[in-house]
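Reader: Could you take me through one part of this model in close detail? I would be glad of a connected account.

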Amino acid sequence: MKCARKKDQLVHRLSLLEVQSIVTPLENSAGLAVMAVDCGFDMMPPLSGSIKDKKRWTWFTMIIKQRYEDDQRVEVTKNYLWFKAGGEYAKVPFEGHKFRRFSSNLSGRNSTKAEQRAVEEYMKTIYRIAHDNFGDRVRHWTGGDDQAGLYDWPEVDKSIRSYDEVSHLFPLPELPISLSKIEMQQPDGPEIPGAIRPAVADADVLKGGGVLFEIRSQAGKKMGMVARCDIAKGTRILCEKPLLITQNMGLKMLEEGGVAAVKLKTLTKQQRRQFMSLHNNNFPVRYPLFSRGTFRTSRATGPGPGKNSPPPLGAVYPTIGLINHHCLPNAHSNWNEERQQGTVHATRPIRAGEEITIAYDLAGGGPSKARRKVLSDAFGFTCGCGLCSLPPFQLRVSDGRRAQLQRLGETIGAPVLAGRDPVAVLRDCRSFLDLLYEEYGEDPGILAARIYFDAFRICASHGDRTRASVFAGRAYEIRTVCEGNDSPGTKRMKSLMQDPASYAAFGAHSDGKKTPGFVPVNLTSDLYEDWLWRQRQ
Ligand SMILES: C[S@@+](CC[C@H](N)C(=O)[O-])C[C@H]1O[C@@H](n2cnc3c(N)ncnc32)[C@H](O)[C@@H]1O
């Protein structure tokens, strides 16, 4: 075969730097140099159809999807991820064992610089991710004649045709599969990625987990997510569809009823196999889905209690499910109802190498003893995070603050008090926030957004448009950081900031009285805060 003959001459291992220049100068009819792109990479030897290789491939495609989730030119179809730039669109198939070549070509004559840059960027990035995941098996080449690359084109074409033929002969099951209360969803590709976590036999670091993070082993916690680079506050780290979601069903019922285990029996053999592999092949155990905390309930963070609040929702996520818990987390996970996806955002700056953590217990958890019980009862582990591992004296200080936060939280939530004594409740809200900042530092995350919403609620129900708008604005800012600006919760805060009177209970306690709609001027920030919280008229 031509490819074998030419292999040693034509293909050399490229470092990432060597791939920097994939644009080849050519001459146009006027003799001017124009830039053209003609390059690609081959997978040699090809992947096998083994579960291990399938897992690695699914992981690889997921990283690419995540990298380009906001790129309009990257399109997902049934069989491929398409990169719609250049003369011939490059594509990554979802079936890795048939994959031979990723390539693109672009004539310099009819293309814009932007087009060339796009092709070049796709080429470099996909090559880098492929190389990170499959090492020297991935070989880069340039030059468009039939001698470039490890395979000849008929072989590459044959592999491409086989995707379409096979998917025609064996259509993938219709997903989501509707079950009465549980839905299995197709998360990111045609395969249900129980396969998302690649089996790595000889290394416990999964390279190429994404641009921002990698999944690697963590002492005492099996795996965890670690930042690959510095991540700015508010960055969306991850966004993914769950494998399985439940609506209107408590965790207890799920666990005690063993509902999921029963429902799994209704899945096809292939789906079950994939699903179980997500749980590290530790099936069967009593409640395989929940025993390792992968399944957790999270109240979708909507605008707050009320008939429009989304129902409680639990979900199994292939990647989010690998994030460990911390009682002082640096990230927040949220269910985005509109996208029907889970998101994870950095709630404070995260340094390269730092573990990315979220709080499983969204209520903040109380003092260490109470937190330990909740985490042990609901998720089956003893928390070993930095806060829980503090020396006793320091832990006592934190416990004292958390106990106070718990007490304040209860009074703030009492509806009678909000109607009768708004000034007292606002004072409690302010104290709560002061304590929260002491405990969590300058980025307390979603808990602060909730308290600002409570303050909004109190002011709005007393017809105080001005203060209500300020509080909704603060909640909006924090939600933007924790959930992104496409989250329904964030959007709701924005609209309440713009029009507090649109709140359903606006003026419910005001007896028709209107509060003057002006903000005092020339106040120092301390005095402004006193005015805002009604600690001074
Ligand atoms: C959702 S999984 C997270 C991924 C998990 N580390 C893995 O490798 O599958 C939750 C499990 O991780 C471990 N874990 C998470 N956070 C922890 C913490 N703060 N302390 C100890 N173990 C933790 C516990 O075993 C828990 O049941």
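Author: Happily; what follows is a look at the loop around Cys385 and Gly384.

This is a predicted model, in which local features need pLDDT of at least 70 and side-chain atom pairs count only at pLDDT 80 or more, while totals for chains, interfaces and linings use all residues. Residues are numbered from 1 along each chain as its sequence is written.

Cys385 sits in the loop between helix H8 (368-379) and helix H9 (392-413), and Gly384 has its place in the loop between H8 and H9. Helices here are DSSP runs of H or I with at least four residues, numbered from the N terminus.

Cys385 counts as partly exposed because it has 19 C-beta neighbours inside 10 Å. Gly384 is likewise partly exposed, with 14 C-beta neighbours inside 10 Å. The cut-offs are 20 or more other C-beta atoms within 10 Å for buried, 12 or fewer for exposed, and partly exposed in between, with C-beta atoms placed from the backbone.

Leaving aside residues up to four places away in sequence, Cys385 touches His325, His326 and Cys327; a contact requires C-beta atoms, placed from the backbone, to lie within 7 Å. From C-alpha to C-alpha, Cys385 is also 9.3 Å from Asn324, although the two are 61 residues apart in sequence.

Turning to Gly384, its C-alpha atom is separated by 9.1 Å from that of His325, 59 residues apart along the chain. With residues up to four places away in sequence again not counted, Gly384 touches Gly220 and Ser389.

Key
Helix = DSSP H or I, 4+ residues; strand = E, 2+ residues; numbered from the N terminus. Contact = placed C-beta atoms within 7 Å.
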